[in-house]
Structure formats: structure tokens, C-alpha cells
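I am opening a notebook on this structure. I will put down what I looked up, in the order I went.

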Amino acid sequence: MSLKNFLAIALGILSAIGGFVDIGDLVFNTQAGATFGFQLLWVVVIGVVGIIVYSEMCGRVAAISKRPVFDLVRERTGFGAGLATLIASEIVNLLTCAAEVGGVAITLQLLSGLPYRLLILLGVVALVVLSWTLPFEWIERVFGYLGLCLLVFAVAAIKLHPDWGKVAHGFVPGSHSGGSTMLYLYFVVGLLGAALTPYEVYFYSSGAVEDGWGLKELGLNKVTSIIGYALGGFLSFALMIVAAVLFLPRGIDPQFLGTPPLASADAVGELGLLLALVGILFAVGGAAIETCFAGAYNLAQFFGWRWGKRERPARASRFALSWIVIFALALLVVMTGYDPVKLTEYSVIFSVVALPLTYLPILLIANDRTYMGSHTNGRLANVLGVVYFALILLVAVAAIPLLVLTNGGQG
Amino acid sequence: MQAAAILAAALLCAGCGGELSASALSKQADSLRSLAAEGALLAEDSAAGKTTHTFRRVHSSDLDKAASKEATSLQTAKTKPALESERHRLASLAQRISDDLDRLGNASKGQQRSLANELRRAADQSNRIAESLK
């Protein structure tokens, strides 16, 4: 593999760390582990395979058509359906971005001890400045690679000596114990929602266009989506395992962003705590940038504006203004004082409702010879795509009733 | 107009404090157990030099705020007469947990160790109350 290709995998790593492991995963994986032990590990596997299948399709569509997914969604589905998808995805993007910005401020507070509201403001200013000044590749590298500090949770999982037999058993779906069936299903939906968040695919496909992917990059697309999201899934396993070993027996229900790093401190010590906090800061910060850019990409692609991080802001002014406004709105939402962890839970569940609107057009376009020529989905991609779309429909229908019946996951 | 009246009635009811059922009290006891157990783990790890002072101060303050909120809600809540003693026990326990978490922020190593023990005991007590209410 050439150095260029190696660096290009950073796109996948950013999407994986900042997208797969964002505040939603930190919250849902640790809560799932603290409530049901290892019993929900299988859901992470299903979520990882799903996001790999659809990201690969998005990357392929972008590489062949040279156009990102949202651009084609409007063209393929028409104005009405495209607008519905745009509205749903913008609401979810904003909620998620606000939750991530809140996560950045909480993590900065755990590191510095400065006041929370001041850190929300400083955090957003820092994210805007970094997004404005750093080239696209450097945003990927800085947040993707520093997010790898989260690997300390894998070390913690090993050092906490889980019962590996029980861990292996958790990869097989079956009967459960430790909580009600409704709560179990709520976590199944939440974990799938956290894994398949729509902004991940929008950012991934727009990033592929920004990186100038073409036919030559089809192999790289496969490697990037598989390695990137598998790594994200590996980190999710680690988070669930540490919560199952450390929090479940003590009756700790993780309701704070400071709780997962405590597990790393317990197993690895002060260095473990610092690595966990730095990893969370960059994963959540990267996800804040991704959600914000995904929102701006969608708007610009839907309305046909000039877009791209590589474009000078003066040439793509409406695109630049869009991502700045999304950051400003996220700032306002978090400044109301609403708990970012609660906001995360709601944004993940609402994103599940919007999933079909995101994934159906991708499946249709990836099968359309007008756009894809001879590179339409193969049999495996189609079987997996259809099976996952049926699953997405099922969880989308169940999400809100489960949110209400479990009192927002409180049981 | 009708919606405004319903909202006003709902607010009035909330102001009066609804009657807490045994299951609602049990959930609050579970929540207190979680806060105390997490505080105990934080105190234990801090005493062992596994956390930074800033992390301990900020995280214990977050836990304290949540415990203090539970204490206030339990103190003002109304229950059936048969549950009154449990509510009272839980309210004082919540206050004790909140005080311990407040002290943890600036405690010395020795104090951290003793707070870890106290919080562990409080978590056990909350758990026993929660179980008795189920």
C-alpha cells in the first residue's frame, strides 16, 4: 500500500472514531454494558456490518458518479422526498452536533476545571477556527489519530480481566437477564441507531468527493470502510466490556460523560484517565465537525450551491455560512443548559426514525445503472443492503414507542 | 385556552408534588445507589493516585449536584403513609451522599479513603431500601 493510500485511510478512521465512536456510542455502549453486561455485544456487530455495507455503497457512488449522495438523492427521488430527507437529516444533525459540542465542553471541564459555559464558548470557537484554517486532510488526521487515544479502553478491558467465555457468549443473540424486555429492546434500537447515524454516510460520501476519488479508489473505499468502522466497532466492544465488568456489579448507571474515563483510570491509572479524556475530546470534537459539515454539505448539495472544504470560502460562501450557522445554533442549544447526555439519547433515537429516508435512496442509487454503469451493487451488497433496510424500517417504527415505554431508557 | 388550562392544572399539581408510589421510590433508591457507588469508586481511585485532582473535583461536583437534586425531591415529595418512613430514610441518605460527594472534591488522601467506605455503605443501604420496595 502506498503512503498516499495509507494516509487516505484517515478518512475512514475519522469517520470511525469521530462518527462511529461519538458521544452517542460512549453513552449507549457504557449504559448497555452497565445494565445488561456482555449480552448486547452482538448488536454492535450488526451495527458495524450495516454501516460498512452502506458506507461502501456511498463511497462507490461518490467515486463513480463524482457526486455525493445527497446531490443524487434529490435528483433520484424528486423535490418533495428530497426535501423531507433534508429536513429530517438537518434536525438530527443539529441535535447531534449540539450533543457533541456539549461533550467537548464537559471533557474540557474534566481536564481543566474551568466553568462549563465558558468552555462551551471556547470549544465552539476552537472548532470553528480549526475547521476554517485546517485543510480537509489535516482535520481528518488531527481528530482521527488523536481519537485513537480511545484505544486505552481496549487496554482497560483486558486489564479488568473479564470472563472471556461470557464475553464470547455476548456475541450470540439470545435470551437476556438483568432488565426488562422493553429496556433490552430500547438498547438494541439505541445501539443500532448510534452505529448507523445518518451523518456518517453523508460526511463519508462528501469526503470522498472532496478527496477526488475515482475508479482507482474503489479498492481503497472497501479497505477504508471495513478497517475504519471495524476499528470503531472494536472500541464499542471495549466500552461495553469495561462497563460490564466495573459498573454492573456496583450498580452504577452511567449518566455522566465523566463515567467512562473513570473505568480507564481504575484499570490503567492516571495516564489511562488522561488518554481516555484526550481520546473522548478528539472523538467528540471530530464528530461535532462531521455533523456540522454533513449539515452544510446536505444543504449545499440539495440547493445546488458551490460546496467543499477545498473551495475558498469566498467562492463557496453559502456553504461556509451554513456550517458556521450550524455551529452557532448548536452553541445556543447547549447554552440552554440541557444535559448533553440526555440530548444524545434523544438525538440517537430520533436519528433512528430518520434512517429509512437516508438509506433507501442510497440503496436505489447504488443499483441504478444510469449513475453507476457497470459498478452497481453485486449480489452480496444487494442482499445485505435489503436485509439491513428491512431492519432499519423495523427499528425506525419501534424507536419512539420504546423511548416512551421505557421512560427514555430509565426502565 | 383549554390547553392553557390543562397546562396550568398540570403545573399546579406538579407544584403540590404528586404522590410517590413504591416503584417510584424504588427507582430513586436505585439512582442514589448508582451515585453513591460511583462516588465510592472515584474516591477509591483518587486515594490510589489514579485520577487527577481536577477530574475528582469536577466529577464529584457533578455527582453531588445529582444527589442534591434527589435529596430535594425526596424531602418535598408526598407518599402514602405506609411509605413515609422509607421516604424519610431515603431523603436523609440522599443528603448524606450529597454531603460526602461535596467533601470529596477537596479531600486529603486519608479522607478520600474514609469517604470511599462511607459512600460504599450508603450504596449498600440504598440498594437494600430499593429491594425492600420492589
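Entry one, the surface. I looked for nonpolar patches in this predicted model and noted one made of A:Val45, A:Val49, A:Phe171 and A:Val172. Together these four residues have about 280 Å² of accessible area. I then looked up where A:Val172 sits in chain A: it is in the loop between helix H9 (164–169) and helix H10 (181–195).

Entry two, the contact of the two chains. I asked how many residues each chain brings to it. Chain A brings 26 residues and chain B brings 22. The area buried between chain A and chain B is about 1,900 Å², and 63% of it lies on carbon and sulfur atoms. On the side of chain A, I noted that A:Leu110, A:Phe256 and A:Leu262 lose the most area to chain B, together 30% of what that side buries.

Entry three, polar links. I looked for salt bridges between chain A and chain B and the count was zero. For polar contacts across this interface, I found four residue pairs, with both residues at pLDDT 80 or more.

Entry four, the side of chain A that touches chain B. I listed the helices of chain A that each supply at least two residues to this side: helix H5 (69–112), helix H12 (218–247), helix H13 (259–268) and helix H14 (270–303). Which helix gives the most? I found that H13(A) does, with five residues. Sorted by class, this side of chain A has 13 nonpolar, nine polar and four charged residues.

Note on methods:
Residues numbered from 1 in each chain as written. Chains lettered and ligands numbered in written order. Predicted model: local features only at pLDDT ≥ 70, side-chain atom pairs only at ≥ 80, totals over all residues. Heavy atoms only, no water. Patch = residues over 30% accessible without salt bridge, like charges linked within 9 Å, V, L, I, M, F, W, Y side chains within 5 Å. Areas by Shrake-Rupley, 256 points an atom, 1.4 Å probe, with all protein chains shown as cover. Salt bridge = Lys/Arg side-chain N within 4 Å of Asp/Glu carboxyl O. Contact = heavy atoms within 4.5 Å. Buried area = accessible area lost by both parts, 1.4 Å probe. Polar contact = N/O pair within 3.5 Å; in protein donor to acceptor, adjacent residues only side chain to side chain. Nonpolar A, V, L, I, M, F, W, Y, C, P; charged D, E, K, R; others polar.
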